[in-house]
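Please consider the structure shown below together with its sequence. The paragraphs that follow lead from general terms to particular residues.

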Amino acid sequence: MKESLASITATADDRFAGWGTCIVDCDPMFVGLFKVCWAPLQSKMARWASWADLPGGSLSLAVLRRPFASTSAHLTLRATTTGQFDDNTATAEKTQPLQRNLSQRRIAKTEKFARLPVWPVWQGVFLFFASRIFGEEVAASWEDAIGGRVCPNFFTPISTDPFVLLVHHRHAFMNWDPVRYIQRTFFPEGFPSHPHRGFVTVTYILKGGFFHRDSVGIKQSYGAEERHDGKHVQWLTAGAGIQHEEMWDLSEPDKKDEGKWLWTSTQELYQIWLNLPAAYKMSPPDAQLLESCSVDSSSTDPPPADTTPIITSEDGSTITTIVSGEYNRVRAPIECPTDASIMRIQFTRKDASTWTHTLPSTHETAILYIRKGSVQIDDQRIAPQHTVYLTPDGEQLTIESLEGEADVLLLSGAPLKEPIASQGSMVMNTEGEIQKAYMDYQRGFMGMPWDHKLSDDEWQDHVKKNPSMY
């Protein structure tokens with residue numbers, strides 16, 4: 001076998017542009033053997049390494065030394081016919097850390113999480129069978145119309161750091177549904193009081209709304225309807241510990257059903273769990289409401305406090321809502337010790353359109369959730385209700401809508417690179433801290449739980465009698 005290790009140079013394979021490169025000339029049989037051995041490991045190693053065929057029977061192998069590292073090695077196995085070893089060309093240079101380039105982010109993996117039937121259960125079950133008979137994309141479009149399912153994206157925090165969880169709810173509450181009235185006798189329409197510690201919950205309402213009450217005495221009503229006055233996002237810092245309840249706002253029917261005997265209250269939201277650095281996990285709890293605010297990206301004035309800036313492209317083809325982070329020189333005013341961006345991209349045209357974004361160089365984690373429509377990323381079509389994990393290298397992200405209207409959620413952030421322990425509703429750094437969090441909850445340090453049926457006066461009285469120590 002002839003081996004020649006050259007110095008670090010760019011390669012013809014633009015999928016790995018900017019990575020450290022070595023050239024190895026070897027027998028064609030070795031190249032073929034490598035492919036056979038690599039195949040069963042491809043899915044498990046996708047975030048650490050990848051390969052691609054090159055002309056002439058060669059292949060290009062890119063190896064990331066550890067997850068999310070910027071130091072990489074790029075090996076090209078080049079088939080030769082000489083079968084000879086040339087001592088004069090056997091030189092080696094150590095691969096050096098390279099600067100991140102402005103290449104496109106690529107897809108590392110796609111995943112589709114289970115969608116569970118609830119609110120109403122019978123519609124969710126119907127959608128399950130519809131997906132088996134008519135296909136998942138048909139069921140996705142029907143779910144968007146009628147609701148009845150929830151999709152928890154259970155992330156692997158070590159690889160999606162700083163994001164712990166994403167949940168997509170799509171529900172419908174009808175006043176004519178007899179099953180609903182039976183179900184709510186034992187299954188409340190919402191989430192009664194429960195504790196959190198060590199992270200941030202970001203609740204982004206797309207349709208309908210929520211009523212919030214917590215153990216520090218805060219009551220909030222927010223959502224996507226006119227009655228919510230634009231306050232559509234809650235940024236809840238659990239910090240040292242808080243108990244809160246989140247109950248669906250069913251006070252009014254959908255606008256199209258106003259004045260009708262039979263009506264529906266449509267509900268849809270995202271909830272994102274964003275980890276906090278260890279130094280901030282025991283900070284005081286707080287709950288902020290963020291209001292939607294249309295802005296001009298050409299303006300030099302910063303968006304008002306407690307808002308989510310909304311930018312419409314010049315041609316009107318895309319609408320970008322910035323919950324946190326920065327897009328097109330507009331930065332959301334919310335402050336958080338975790339460096340993270342949360343954005344919603346809506347493609348509004350019936351024909352194809354494109355959205356581009358330059359990710360911060362620190363945002364090695366990038367995740368996309370396709371809520372509606374199909375999009376193209378990295379020359380790959382992504383169907384609705386799929387989660388896409390992007391590679392850590394590259395700063396340019398391009399999303400194309402293929403068949404008209406689409407709706408995408410983008411999560412990107414700088415990994416905290418700290419130990420993480422997550423159990424139930426607590427996110428800490430060690431298992432011992434998780435156990436202590438639950439002990440503190442049981443001792444009443446986060447206040448005492450209350451019945452969601454309590455009136456506001458009764459709830460306030462309960463909080464005063466059972467105060468949170470945080």
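A residue counts as buried if its relative accessible area is under 20%, as exposed if it is over 50%, and as partly exposed in between, with a 1.4 Å probe and the protein chains only as cover. The model is predicted, and local features are reported only at pLDDT of at least 70, side-chain atom pairs only at pLDDT 80 or more, whereas totals for chains, interfaces and linings use all residues. Residues are numbered from 1 along each chain as its sequence is written, and side-chain values rest on heavy atoms, with hydrogens and water left out.

We begin with the whole chain. Of its 470 residues, 50% count as buried. The surface that the protein exposes comes to about 21,600 Å², of which carbon and sulfur atoms supply 56%; such areas come from the Shrake-Rupley method with a 1.4 Å probe. The protein has seven helices and 30 strands. Here helices (H or I, at least four residues) and strands (E, at least two) are DSSP runs, numbered from the N terminus. A contact means heavy atoms within 4.5 Å. Among the contacts with a separation of 6 or more, 70% are between residues 24 or more positions apart.

Next come the strands and their pairing. Strands of a sheet pair through backbone hydrogen bonds, either parallel or antiparallel. Two strands are said to pair if DSSP finds at least two bridges between them. One open sheet is formed by four strands in the order 9-14-11-12, and its pairing is antiparallel. Strand 9 (190-196) and strand 12 (219-223) are its edge strands, each pairing on one side only. From one strand to the next, the twist averages 20°. Within this sheet, strand 11 (residues 209-214) and strand 14 (residues 242-248) are antiparallel and share five bridges; His212 stands opposite Glu246 in strand 14. Helix 7 (residues 456-465) lies across strand 11 and strand 12, at about 35° to strand 11. For such angles, axes are lines fitted to C-alpha atoms, for helices over the stretch in contact, and the angles run from 0 to 180 degrees between N-to-C directions.

How many residues of strand 15 (residues 264-275) are buried? The count is 12 of its 12 residues. Both of its faces are covered: one side includes Tyr270 and Leu274, and the other side includes Leu269 and Trp273. Strand 15 runs antiparallel to strand 8, to which 11 bridges join it, and Phe163 stands opposite Leu274 in strand 15. Eight bridges also join strand 15 to strand 10 (residues 199-207), again in the antiparallel sense. There, Tyr204 has Tyr270 as its bridge partner.

The aromatic rings deserve separate attention. A pair of aromatic rings is described by the distance of the centres and the angle of the planes. Rings of Phe, Tyr and Trp (its six-membered ring) pair if their centres lie within 6.5 Å; planes under 30 degrees apart count as stacked, over 60 as edge-to-face and the rest as tilted. The structure holds 17 aromatic pairs. One of them is the tilted pair of Trp119 and Phe173, with 6.0 Å centre to centre and 40° between the planes. Trp119 lies in the loop between strand 6 (116-117) and helix 2 (121-134), and Phe173 lies in strand 8 (residues 163-174), so the pair ties together parts that are 54 residues apart in sequence. Trp119 is buried at a relative accessible area of 4%, and Phe173 is buried at 2%. Phe128 and Phe129 form an edge-to-face pair, with 5.3 Å between centres and 80° between planes. Phe128 is partly exposed at 38% relative accessibility, as is Phe129 at 48%. Trp119 and Phe173 also belong to one aromatic cluster, together with Phe187, Phe191, Phe210, Tyr222 and Trp248.

Two single residues complete the tour. Is Ser294 buried or exposed? Ser294 is exposed, because its relative accessible area is 64%. This residue is found in strand 16 (residues 286-294), and its C-alpha atom is separated by 9.8 Å from that of Ile319, 25 residues apart along the chain. Thr110, in strand 5 (residues 107-111), is partly exposed at 34%. Leaving aside residues up to four places away in sequence, Thr110 touches Gln380, Ile382, Thr387 and Val388.
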